[in-house]
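Me: Could you take a close look at one part of this model for me? After that, I'd like to see how that part sits among its surroundings.

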Amino acid sequence: MSGVGETMRAAVLRGREDVVIETVPAPHAGPGEVVLRVRAALTCGTDAKVFRRGSHAKMLQPPCLFGHEYAGVVYEVGEGVTKFAVGDEVVGANSAPCGACDPCRRGRESLCDDLLFVNGAFAERLLLPARLVERNLYLRPAGLEPAAAAAVEPVACVLKGVELVAPEARETVLLLGSGSIALFFASELRSRGVDVALLARCADVEPLARRMGVGDVIVAESVTDGFDAIRARSPGGRGFDVVVEAAGAAETTEAAPRLARKGGRVLLFGGCASDVRVTIDPARLHYEEIQILSSFHHTPRHVKAALDALAGGRIDPRPVMESPVGLDALPSALRRMITRELRGKVPVIPL
Ligand SMILES: [Zn+2]
Ligand SMILES: [Zn+2]
């Protein structure tokens, strides 16, 4: 058990492109809470964005701990915790819904009015609030290594998005974006017998994309310049059955409906910055019955399903992972992520 006055090493976000590994007070578990010893934490696109911007409007104001994809072993349990015990190997999501607000009661927990976010996984220990312990923490399945289990959060987001567009076998889905999350999408779609095309800026992602289930890698400098050539790659040149925007950019958001076939679906998955505006063609959306769908975040149901998908091997996140690093190498890894020298997820092993 940890004692008062104990310290730990943790990554502290201090501002723009400023992350320092510091010695900070170790957390202690209050009533209902759990403290983990972090076994593995993964970087994600959001972390690179936060590092570049120095903050996150909803989640993080410096100085603060960060990192939100994790697996660990229970180190301390607070009073009243009955679901978990010291020594349990666990994995959790990065948020917990309240369960009581209007969206939660409708089963739309990603829209919870009071969604509680957890950050601080790039550290030796991580404090999990009572609500998260209650609603979104799970035993790590045997055989699933910690770094792979830590991918549960992005995979949960993907499963929720896939469920919404409900692609049928032999439909063709175009993914706009080639980050890890787009590659997880490809894996899940392929396992459902869906044909997957993916738009990438450079050809070097092709071997990895193919390994993750992409059948057709379309390389174009930009979606605007390559538009006709991209559309020509759809079945019969009619447009794709489903287009998933997974880049969070204005250009791909605007192009997505134009790349869908008549009666096709578009999924806005990437999440644009709040000041982005795009032009749409409502006549075409109407007369060609193109549906625009949006998916944000995940729900506890999708987190559980993601854990099953990872444990059963339906989605194998390992090909998209870079070599593991210690906590001290995190700042340089983040720097190499924003220069795109590192494309995959970096497993950080704090101890
Ligand atoms: Zn993430
Ligand atoms: Zn709620």
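Reply: Two residues are in contact if their C-beta atoms, placed from the backbone, lie within 7 Å. With that rule, Val 152, Val 155, Ala 156, Leu 159 and Lys 160 of helix α5 meet a set of residues in helix α11, namely His 302, Val 303, Ala 305, Ala 306, Leu 307, Ala 309 and Leu 310. The residues of this contact divide into 10 nonpolar, one polar and one charged (Ala, Val, Leu, Ile, Met, Phe, Trp, Tyr, Cys and Pro are nonpolar; Asp, Glu, Lys and Arg charged; the others, with Gly, polar).

Before we go on, residues are numbered from 1 along each chain as its sequence is written, while chains are lettered from A and ligands numbered from 1 in the order in which they are written. The model is predicted, and local features need pLDDT of at least 70, side-chain atom pairs count only at pLDDT 80 or more, and totals for chains, interfaces and linings use all residues.

Back to the pair: α5 and α11, the latter covering residues 300-311, pack at an angle of about 110°, with their axes 8 Å apart. (Helices, H or I with at least four residues, and strands, E with at least two, are DSSP runs numbered from the N terminus; axes are lines fitted to C-alpha atoms, for helices over the stretch in contact, with angles from 0 to 180 degrees between N-to-C directions.)

Now for the sheet beside this helix. Six strands form an open sheet in the order β13-β12-β11-β14-β15-β16, with parallel pairing. The edges belong to β13 (216-219) and β16 (291-294); each has a single partner strand, so one side of each is left without a neighbour in the sheet. Direction ignored, neighbouring strands here are turned by 20° against each other on average. Helix α5 (residues 152-165) packs on this sheet, where it touches β14 (240-245), β15 (260-268) and β16. The direction of α5 makes about 155° with that of β15.

At the β13 edge, strand β12 (residues 195-200) pairs with β13 in the parallel sense over four bridges (two strands pair if DSSP finds at least two bridges between them). Within that pair, Ala 200 stands opposite Val 219 of β13. Leading up to β16, at the other edge, is the loop from α10 (282-287), and Glu 289 lies in this loop. The phi of Glu 289 is near 45°, a positive value in a residue other than glycine. Glu 289 counts as exposed because it has 11 C-beta neighbours inside 10 Å (20 or more other C-beta atoms within 10 Å make a residue buried, 12 or fewer exposed, and anything in between partly exposed, with C-beta atoms placed from the backbone).

Let's step back to the whole chain. The domain assignment gives domain 1 (7-151 + 317-348) and domain 2 (155-294), with bounds from an automatic or database assignment. The centres of the two domains, taken over C-alpha atoms, are separated by 29 Å. Eight residues from domain 1 and 10 residues from domain 2 take part in their contact. On the domain 1 side, the touching residues are five nonpolar, two polar and one charged.

A second helix pair makes a handy companion to α5 and α11. Helix α1 (residues 45-53) packs with helix α12 (residues 330-338) at an angle of about 95°, and their axes are 9 Å apart. Here Asp 47, Ala 48, Phe 51 and Arg 52 of α1 meet Leu 334, Met 337 and Ile 338 of α12. By class, this contact has five nonpolar, no polar and two charged residues. Past α12, in the loop that runs to β17 (347-348), is Arg 340. Its phi is near 65°, again positive in a residue other than glycine, and Arg 340 is exposed, with 10 other C-beta atoms within 10 Å. In the loop between α1 and β4 (64-65) is Pro 63, joined to Pro 62 by a cis peptide bond with omega about -5°.

One last stop is strand β3 (residues 34-42): eight of its nine residues are buried, so β3 is largely enclosed by the rest of the structure. β3 runs antiparallel to strand β5 (residues 69-77), with eight bridges joining them, and Ala 40 stands opposite Ala 71 of β5. Strand β9 (residues 125-128) also pairs with β3 in the antiparallel sense, over four bridges, and Arg 37 stands opposite Arg 125 there. Two bridges join β3 to β17, again antiparallel, with Leu 42 opposite Pro 347 of β17.
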